[in-house]
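Hi everyone, thanks for making the time this morning. I'd like to walk you through one structure, so please have a look at the screen.

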Amino acid sequence: MLEAGGISPLAGRRIVLGVSAGIAAYKAVEICRRMVDAGAFVSPVLTEDALRFVGAVTFSALASEPARTSLHEGGETIPHTRLGQRADLIVIAPATANILAKQAAGIADDLLTATLLATRAPVLVAPAMHTEMWEHPSVQENLATLRRRGVFVCEPESGRLAGGDEGEGRLADPSRIIAAAEEILSRGRDLSGLRIVVTAGGTREAIDPVRFIGNRSSGKMGHAIAQVASTRGAAVTLITTSSIPVGAGIEVVSVTTAEEMRLAVDERFSDASVVVMAAAVADFRPKVVASEKIKKHSGAPEIILEPTPDILSGLGQRKTHQILVGFAAETENLEEYARAKMEAKRVDIMVANDVSDPEAGFEVPTNRAILLDSMGSHTRTPLMSKMSLAEVILDRVAVRLGRANNRESQ
Ligand code: PMT
């Protein structure tokens, strides 16, 4: 992807290119060359084990400055903080299972891992490893942790691996890695200056001190939106029932019930530019909450329900300048029901997800959706991670706010 006039978004940007050990390390030479050709200032950092596969001298010859391999070389006292602070982007290609594990755990025992801790720049990892390692739950869990923190992942491809094996885990083609780096840098912090309120998780409505009416929402979708919005520069308040950790810089307001969520959202509404209602708010709650635990021997209780406040409808009535993003959780007639909700609740963008799909909706790390825009556009996404769907939703928000310097406008 090139900006108008053919200038790459990499031009003039400082990129730390981390290279960890693996047969694919030789492809990092090509990545380095292409970045430099695009006008980037590239600082290569190789792990000690990467040197078994490629030579530092090759990178030094191609990059913008000599390759570094250690915390203790070249007379610099604190190369890791200097590199991390100055970087516009850190790209790790190839990223081994080992480096992903260290990154997820916050281990900083060499120059590359220390640089990863000492940066606020976006990080793109391009994993490469054997299929068994790639599919191992520990690798996938580390990747999920990294994604949750806003790390971008250029997924590996299927194909020939070291030792003549075939399967998934082959480093993405250098052109895909360059395109991903360009996309991150071109999107940049397109939401800076905006206040975004995101709700997440399922509310719990008490029956008695130990029981409640709830739903299956884990908070993953809403937390992903909060994380991506923050990475893209927005000031984010996350009003949530979930305890999934989010990055520093996000204001987290913990709530339990629909009424608590309503109060927290309403309080922040006038200052917000965007509100994203990803929470699964209970529609009904017990009219009376028993003050003591209801005893089994008293027989099955009759619980009378009353409607909870419809937070989104209330916002739709009051909105002035705000962009409202709603979610529709449906099990049938997805688009029709979602469109009806969009109109009834005066929502600007409605994200319709089919919660009867085992790969989408509640609890799972993936989702697929139809994005309806009250201005008329209509986008159907494939199955993707919730972080990726968050990017797509926020791209649409950026379009509505006239801030689209990203893929939708190009
Ligand atoms: O949390 P996860 O496990 O990751 O799952 C994600 C999700 C499936 C919960 C999410 O993608 C989703 O669909 N969230 C909306 C769930 C929902 O409540 O849908 P709904 O169709 O019942 O409500 C429509 C909209 O009105 C929603 O934006 C909802 O937040 C809002 N609403 C609903 C009821 C209510 N009393 N007040 C509201 O504001």
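I'll talk about the ligand site, then the open and closed spaces, and finish with two backbone details. Please keep in mind that this is a predicted model.

Let's begin with the ligand. Which residues come nearest to it? There are 30 residues around the ligand, and the nearest of them are Ser217, Ser218, Lys341, Asn353 and Glu363.

Now for some polar contacts. Lys386 reaches the ligand with its side chain: one of its polar atoms is 2.7 Å from a ligand oxygen. The backbone takes part as well. At Pro309, a polar backbone atom lies 3.0 Å from a nitrogen atom of the ligand, and at Phe327 a polar backbone atom is 3.0 Å from a ligand oxygen. As for how covered the ligand is, on its own it has 770 Å² of accessible area, and the protein covers 96% of that.

Where does the shell around the ligand come from? Three elements each supply at least two residues to it: helix α9, residues 220-231, helix α11, residues 311-318, and strand β16, residues 323-330. Of the elements, β16 gives the most, with four residues, and Phe327, with its backbone contact to a ligand oxygen, falls within the β16 range of 323-330. By class, the shell has 15 nonpolar residues, eight polar ones and seven charged ones.

On to the pockets. The space that the ligand takes is the second largest pocket. So what about the largest one? The largest pocket holds about 1000 Å³ of space. It has 36 lining residues, and Thr119, Arg120, Ala121, Pro122 and Arg149 are the closest to its centre. The elements that each give at least two residues to this lining are α4 (97-105), α5 (111-117), α8 (174-187), α9 and β11 (235-240). You'll recognise α9 from a moment ago, since it also supplies at least two residues of the ligand shell. The lining of the largest pocket divides into 16 nonpolar, twelve polar and eight charged residues.

What about closed spaces? The structure has one cavity of 30 Å³ or more, and the volume of the largest cavity is about 50 Å³. Its lining is made up of Arg14, Ile15, Val16, Phe41, Ser43, Glu65, Arg82, Leu83, Arg86 and Ala87. Two or more of these residues come from each of β1 (14-19), β2 (41-46) and α3 (79-86). In this lining I'd point out the charged residues: there are four of them, alongside five nonpolar and one polar.

Last, the two backbone details. Most residues other than glycine have a negative phi, and most peptide bonds are trans. With that in mind, which peptide bond here is cis? The bond from Ala93 to Pro94 is, with omega near -5°, and Pro94 sits in strand β3, residues 89-95. The other detail is Asn333, which is not a glycine but has a positive phi of about 45°. Asn333 lies in the loop between β16 and α12 (334-344), and β16 is the strand that gives four residues to the ligand shell.

That's my tour, and I'm happy to go back to any part of it.

Methods
Residues numbered from 1 in each chain as written. Predicted model: local features only at pLDDT ≥ 70, side-chain atom pairs only at ≥ 80, totals over all residues. Heavy atoms only, no water. Near = heavy atom within 4 Å. Polar contact = N/O pair within 3.5 Å; in protein donor to acceptor, adjacent residues only side chain to side chain. Areas by Shrake-Rupley, 256 points an atom, 1.4 Å probe, with all protein chains shown as cover. 1 Å grid on protein atoms, 1.4 Å probe; cavity = no way out; pocket = protein on both sides within 12 Å on 5 of 7 lines; lining within 4 Å. Sits in = over half its atoms within 2 Å of the grid points. Nonpolar A, V, L, I, M, F, W, Y, C, P; charged D, E, K, R; others polar. Points joined across faces, edges and corners; volume = space filled by probe spheres on them.
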